[in-house]
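Visitor: I should like to go through the structure displayed here, one question at a time.
Guide: Certainly; please begin with whichever part you wish.

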Amino acid sequence: MSRSDRLDSVFGALADPTRRAIVERLLARGELAVGDLAAPFAISPPAISRHLQVLERAGLVERRTDRQWRRIRARPQSLALAQSWIERQRAHWTAALDRLEAVLAAETPQRRKT
Amino acid sequence: MSDKELRLERLIAAPPDRVFAHWTDPALLIKWWGPEGTDIPVHALDIRPGGKWRTTMRSRDGKQNTVSGVYRAIEKPRRLVFTWGWEDEHGQRGHETEVTVTFEAAPGGTRLVILQREFATVESREQHARGWASTLNCLAQLLSEGGK
């Protein structure tokens with residue numbers, strides 16, 4: 001998957017309140033059994049499973065099997081990808097606005113016809 | 001790091017109509033579009049609702065980056081909404097966001113606010129405008145604790 005595709009899947013996965021809540025719960029609690037993870041959510045096990053698939057595809061969570069237990073945990077490094085994208089975007093705007101200010105300051109407001 | 005989305009605010013020492021013009025007149029826009037030292041060798045800016053825009057920025061070291069989108073709303077001189085997606089070297093557009101710029105008269109000039117939403121689709125953004133701030137807060141906390 002390209003960087004951009006990964007970003008899409010991370011943002012897409014996080015654009016849902018249940019999935020955000022799942023990620024937050026895993027970040028707060030560490031690794032959980034799938035049943036324990038699902039406990040506070042008033043949705044069916046198949047629905048939880050679908051959400052987990054989306055999160056797993058985005059790399060936001062990973063599963064492992066510990067004897068008969070299926071366990072799941074967050075992968076914070078995938079969130080860092082989204083965060084660094086936002087920070088780069090912020091740097092872009094900040095620099096462009098510095099330049100906009102310089103352009104406006106260099107013009108003579110009274111004579112400017114726009 | 002508590003941002004619900006990317007939000008930037010700046011007080012600019014010029015009235016809203018002038019600032020707005022610098023965002024919506026292509027000849028003025030390309031004077032500042034991009035960081036210091038950038039020029040815009042290629043641009044196509046159809047600045048009207050539904051119009052497409054595309055700019056290629058070239059930095060001093062010759063690197064080129066292209067970004068494009070569609071104008072969704074142009075409300076002179078108060079508000080501007082457009083989509084935003086960086087293109088890769090094959091012209092493939094990446095993750096798309098929506099940018100809303102508001103221009104508000106303020107003492108000393110214009111209060112400019114840029115709001116950029118990270119959600120993959122407008123629908124999801126509308127439904128979940130609250131964003132995923134707390135998710136990122138959890139991450140920040142986790143990282144500051146030295147966790148992996």
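Visitor: Which residues of α4(A) are met by Thr18(A), Arg19(A), Ile22(A) and Val23(A) in α2(A)?
Guide: The model is a predicted one. The residues of this contact divide into six nonpolar, two polar and one charged. On the α4(A) side, the residues met by those four of α2(A) are Ile48(A), His51(A), Leu52(A), Val54(A) and Leu55(A).

Visitor: Are α2(A) and α4(A) roughly parallel or roughly perpendicular?
Guide: Two packed helices are described by the angle between their axes and the distance between the axes. Here the axes of α2(A) and α4(A) come within 10 Å and cross at roughly 75 degrees. Angles of 65 to 115 degrees count as roughly perpendicular. The crossing therefore makes α2(A), relative to α4(A), roughly perpendicular.

Visitor: Within what arc do the buried residues of α4(A) fall?
Guide: Helix α4(A) covers residues 45-57 and reaches 18 Å from its first C-alpha to its last. Its buried residues are Ala47(A), Ile48(A), His51(A), Leu52(A) and Leu55(A). They line one face of the helix, because, seen down the axis, they fall within an arc of 140 degrees.

Visitor: Which exposed residues does α4(A) carry on the face turned away from its buried side?
Guide: The buried residues of α4(A) pack against α1, α2, α3, β2 and β3 of chain A. The face turned away from that buried side carries the exposed residues Arg50(A) and Arg57(A).

Visitor: Which residue with a positive phi follows α4(A)?
Guide: Helix α4(A) has 13 residues. The residue that follows the helix has a phi near 75 degrees, and it is Gly59(A).

Conventions
Residues are numbered from 1 along each chain as its sequence is written. Chains are lettered from A and ligands numbered from 1 in the order in which they are written. This is a predicted model: local features need pLDDT of at least 70, side-chain atom pairs count only at pLDDT 80 or more; totals for chains, interfaces and linings use all residues. Side-chain values use heavy atoms; hydrogens and water are left out. Helices (H or I, at least four residues) and strands (E, at least two) are DSSP runs, numbered from the N terminus. The expected span of a helix is 1.5 Å times one less than its number of residues. Buried means under 20% relative accessible area, exposed over 50%, partly exposed in between (1.4 Å probe, protein chains only). The arc is that of the directions from the helix axis to the C-beta atoms. Contact means heavy atoms within 4.5 Å. Axes are lines fitted to C-alpha atoms, for helices over the stretch in contact, and angles run from 0 to 180 degrees between N-to-C directions. Angles under 35 degrees count as roughly parallel, over 145 as roughly antiparallel, 65 to 115 as roughly perpendicular and the rest as oblique. Ala, Val, Leu, Ile, Met, Phe, Trp, Tyr, Cys and Pro count as nonpolar, Asp, Glu, Lys and Arg as charged, and the others, Gly among them, as polar.
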